[in-house]
Amino acid sequence: MELFPQHLLDGYRAFATQRLPTEQSRYRELSVRGQSPEVMVIGCCDSRVSPEVIFDAGPGELFVVRNVANLVPVYQPDSGAHGVSAALEYAVSVLKVKHIVVLGHAQCGGIRAFIDKIQPLSPGDFIGKWMQMFIKPGEVVEQREHETMQDFTIRIEKAAVFRSLENLMTFPFVRERVEKGETNLHGAYFGVAEGSLFMLDRTTKEFVSARVARSK
């Protein structure tokens, strides 16, 4: 048998001896009655952007799905397999989450690949095809005049949050709960270098620092 990564074993042992004893009753409770998180987070696969760490969440508090560039596809009821859509359906229709948070972030590799129009990273170009969901047919995404590459990248990273929120509303079971006020949609943006978090103000369409943003 191949050796399991030692740092993961060390991490588990630290968890088992330090954190688990303080949360053992919580784990036992969750194993018996199941999960009932109020919040779903749709985040990026990026190893630097862990929703559980950013929101200091304990076991059972967040239902998380992560993919390249935190994208939500449009509702597409066909014969294909749709991982994000399946997770969304379970969170909304079964768990009946009260909040869905789309968490974007700085230095997103998927967004940068999309912007740079790089050659396929694999024979099937999975990333390229996945990122095509970001744009609508006929839509052109280009750097604006006098816009720096850094500003352009940040704008598109934040635009991915807007597009995912927009696509969420194409799912009938999401739209129904949102219109009834049973589920709320939120956007957020994480700055990796500073550890800063910004919340989307849907009224002004601007991202506001979480340090000053009000809970709704």
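In the hairpin formed by strand 4 and strand 5, four residues lie between the strands, and Gly195 adopts a positive phi near 70°. Strands here are DSSP runs of E with at least two residues, helices are runs of H or I with at least four, and both are numbered from the N terminus; two strands count as paired if DSSP finds at least two bridges between them. Strand 4 and strand 5 (residues 196-201) run antiparallel and are joined by four bridges, with Leu197 of strand 5 as the bridge partner of Phe190. The model is a predicted one, so to speak of local features a pLDDT of at least 70 is needed, side-chain atom pairs count only at pLDDT 80 or more, and totals for chains, interfaces and linings use all residues. Residues are numbered from 1 along each chain as its sequence is written, and side-chain values use heavy atoms, with hydrogens and water left out.

The hairpin belongs to a wider arrangement. An open sheet of six strands follows the order 2-1-3-4-5-6 with mixed pairing. Its edges are strand 2 (62-67) and strand 6 (206-209), each of which pairs on one side only. On average, neighbouring strands of the sheet are turned by 30° against each other, direction ignored (axes are lines fitted to C-alpha atoms, for helices over the stretch in contact, and angles between N-to-C directions run from 0 to 180 degrees). Helix 3 (residues 83-94) packs on this sheet and touches strand 1, strand 2 and strand 3, its direction making about 170° with that of strand 2. Strand 1 (residues 39-44) and strand 3 (residues 99-105) are parallel and share four bridges; Met40 has Ile100 of strand 3 as its bridge partner. Strand 3 also pairs with strand 4 in the parallel sense, over seven bridges, and Val102 stands opposite Gly187 there. Six of the eight residues of strand 4 are buried, leaving the strand mostly covered; buried means under 20% relative accessible area, exposed over 50% and partly exposed in between, for a 1.4 Å probe and protein chains only.

Turning to the interior, the largest nonpolar core has 25 residues, of which Met40, Leu88, Ile100, Leu168 and Val174 touch the most other members. Such a core is a set of buried Ala, Val, Leu, Ile, Met, Phe, Trp, Tyr and Cys residues joined through side-chain atoms within 4.5 Å. Helix 3 provides its largest share, four residues. Leaving aside neighbours within four places in sequence, Leu168 is in contact (heavy atoms within 4.5 Å) with Ile42, Val72, Leu88, Ile100, Val102, Val174 and Leu185. A second, separate core of 13 residues includes Cys44, Ala69, Ile111 and Phe152.

What of the cysteines? With a disulfide defined as a pair of cysteine sulfur atoms within 2.5 Å, the count comes to zero. Cys44 is buried, at 5% relative accessibility, and its sulfur lies 4.2 Å from the closest cysteine sulfur, that of Cys108, which is too far for a bond. Cys45 is partly exposed, with a relative accessible area of 44%.

For the chain as a whole, seven helices and six strands are found, and 35% of the 216 residues count as buried. The radius of gyration, taken over C-alpha atoms, is 19 Å, in agreement with the value near 17 Å for a compact globule of 216 residues; the globule rule is 2.2 Å times the number of residues to the power 0.38.
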